[in-house]
Amino acid sequence: MDLKDRQRKVRRSWDNIRCLVTIIFLFLMALVESKASESMRRENQSTVFEFLILGLPIRPGQQNVFFTLFLAMYLTTVLGNLLIILLIRLDSHLHTPMYFFLSHLALSDISLSSITVPKMLMNIQAQQHSISYKGCISQMYFFILFGCLDNFLLAVMAYDRYMAICHPLHYITVMRGEFCVCLIAGSWFFCCVHALLHTLLLIQLSFCASNTVLNFFCDLTALLRLSCSDISLNKLVIFTEGGLLFILPLSSIMGSYICIGRTALKATSTKRLFKTFSTCGSHLLVVFLYYGTIAGEYFFSSFQNSSDKDIVASVIYAVGTPLLNPFIYSLRNKDIKQALKIVVTRINCFK
């Protein structure tokens, strides 16, 4: 099978997967909406029809400053990650597994930031902190989905680097286009199921007391604090199923980089050793930032009273981590810089 046939087969497989993911999305959201409507009809058990988002602890005189800051961060996140996707799409030299995974990470980061930041900006500017019950549940669902997807993609990227550095002779045969598509499709599938599980468990609860969410978005742990029902099952699922999806990718990442470190230390070339650790250092920086904030948010303070530290951890996780993606992964990358120069040259020639 030549290269064109293989690329055509990968595109066909990816189109089928996108159709499957779309069908799953429609089915899951219809199921969530029906469950939410059923829960809201139980007026004798749950009287909450909307939630109030507490938002960031901002003083009245500093609203414009924080609005401008977070708007600039959001635009940088969206434009920077869109630039990554565009460059990878246009430059044939970037049609490799590493950049294929990077483009999906960029898309996931755009989605993760877009779920929370626009609503936060609206709350800061318009002082309108209310959100409907369905809107809150939907926001929580997609936040869990894309947060989980980032988790899996970081593990997949670490495995890609492990194969490229530790087994370079087998890299092309193992990291085929079909296998890469399967890794992405599997990540989407497990994250959809993960988000649906927590959403369905949440909408079975009753909210009959306070409706103020002590965060700047509808976070799972913040919503659980508001429930007047028994949340022991929710706690159990978070610490078992959620913990499993947290530990397994992290273990895969650390195992991959331990093997990479051993291989790099055996290298006789100092330049190759420096290049290897430079690449791993950038990735590990985002890994520690991502897993550190998510651990602090969901495990170490899950069912205690919320504080400003929890909100800061949420901001770093939901806003800061997607912002770092273009800088850490791409703008320091020679291939991305070269692709950007080629695109700029083409635009100037077109003008």
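Asn151 has its place in helix α4, where helices (H or I, at least four residues) and strands (E, at least two) are DSSP runs numbered from the N terminus. The model is a predicted one, in which local features need pLDDT of at least 70 and side-chain atom pairs count only at pLDDT 80 or more, while totals for chains, interfaces and linings use all residues. Residues are numbered from 1 along each chain as its sequence is written, and side-chain values use heavy atoms, with hydrogens and water left out.

At 5% relative accessibility, Asn151 counts as buried; buried means under 20% relative accessible area, exposed over 50%, and partly exposed in between (1.4 Å probe, protein chains only). Contact here means heavy atoms within 4.5 Å. Leaving out residues up to four places away in sequence, Asn151 touches Leu245, Phe246, Pro249, Tyr290 and Tyr291. One of these partners, Leu245, reappears below in the contact that helix α8 makes with helix α6.

It helps to step back to the whole chain for a moment. Its secondary structure comes to 11 helices and three strands, and from the N terminus on the elements run α-β-α-α-β-α-α-α-β-α-α-α-α-α. Of the 351 residues, 48% count as buried. Among contacts in the chain with a separation of 6 or more, 82% are between residues 24 or more positions apart.

Helix α4 (residues 133-166) also holds Cys136, one half of the disulfide with Cys218. A disulfide is a pair of cysteine sulfur atoms within 2.5 Å, and the structure holds one. The sulfur atoms of Cys136 and Cys218 are 2.0 Å apart. The torsion about their S-S bond is about -120 degrees, so the disulfide is left-handed. Cys218 sits in the loop between β3 (212-213) and α7 (220-226) and Cys136 in α4, so the pair ties together parts that are 82 residues apart in sequence. Both Cys136 and Cys218 are buried.

Other cysteines deserve a look too. The sulfur of Cys259 has its closest cysteine sulfur in Cys166, at 5.6 Å, which is too far for a bond. Cys259 counts as partly exposed, at 29% relative accessibility, whereas Cys191 is buried at 0%.

Staying with α4, what is the salt-bridge partner of Arg161? The partner is Asp160, with the closest N and O atoms 2.9 Å apart. A salt bridge is taken as a side-chain nitrogen of Lys or Arg within 4 Å of a carboxyl oxygen of Asp or Glu, and by this rule the count comes to one. Side chains of opposite charge can pair when their charged atoms come close. Arg161 is buried, with a relative accessible area of 18%, and Asp160 is buried as well, with 1%. Ile165 lies in α4 too and counts as buried at 16% relative accessibility. The C-alpha atoms of Ile165 and Ile260 are separated by 6.5 Å, although the two residues are 95 apart along the chain.

Turning to the pairing of helices, the axes of α6 (residues 177-202) and α8 (residues 232-265) come within 11 Å and cross at roughly 175 degrees. Axes are lines fitted to C-alpha atoms, for helices over the stretch in contact, and angles run from 0 to 180 degrees between N-to-C directions. Angles under 35 degrees count as roughly parallel, over 145 as roughly antiparallel, 65 to 115 as roughly perpendicular and the rest as oblique; α6 and α8 are therefore roughly antiparallel to each other. On the α6 side, the contact is made by His194, Leu197, His198, Leu201 and Leu202, and on the α8 side by Leu233, Asn234, Val237, Ile238, Glu241, Gly242 and Leu245. By class, this contact has seven nonpolar, four polar and one charged residues, with Ala, Val, Leu, Ile, Met, Phe, Trp, Tyr, Cys and Pro counted as nonpolar, Asp, Glu, Lys and Arg as charged, and the others, Gly among them, as polar.

Phe190 is also found in α6 and counts as partly exposed, at 46% relative accessibility. Phe190 and Leu149 are 41 residues apart in sequence and 8.7 Å apart in space, C-alpha to C-alpha.

Finally, Val117 lies in helix α3 (residues 97-126) and is buried at 1% relative accessibility. Leaving aside neighbours within four places in sequence, Val117 is in contact with Phe70, Tyr74 and Val319. The C-alpha atoms of Val117 and Val315 are 9.4 Å apart, with 198 residues separating the two along the chain.
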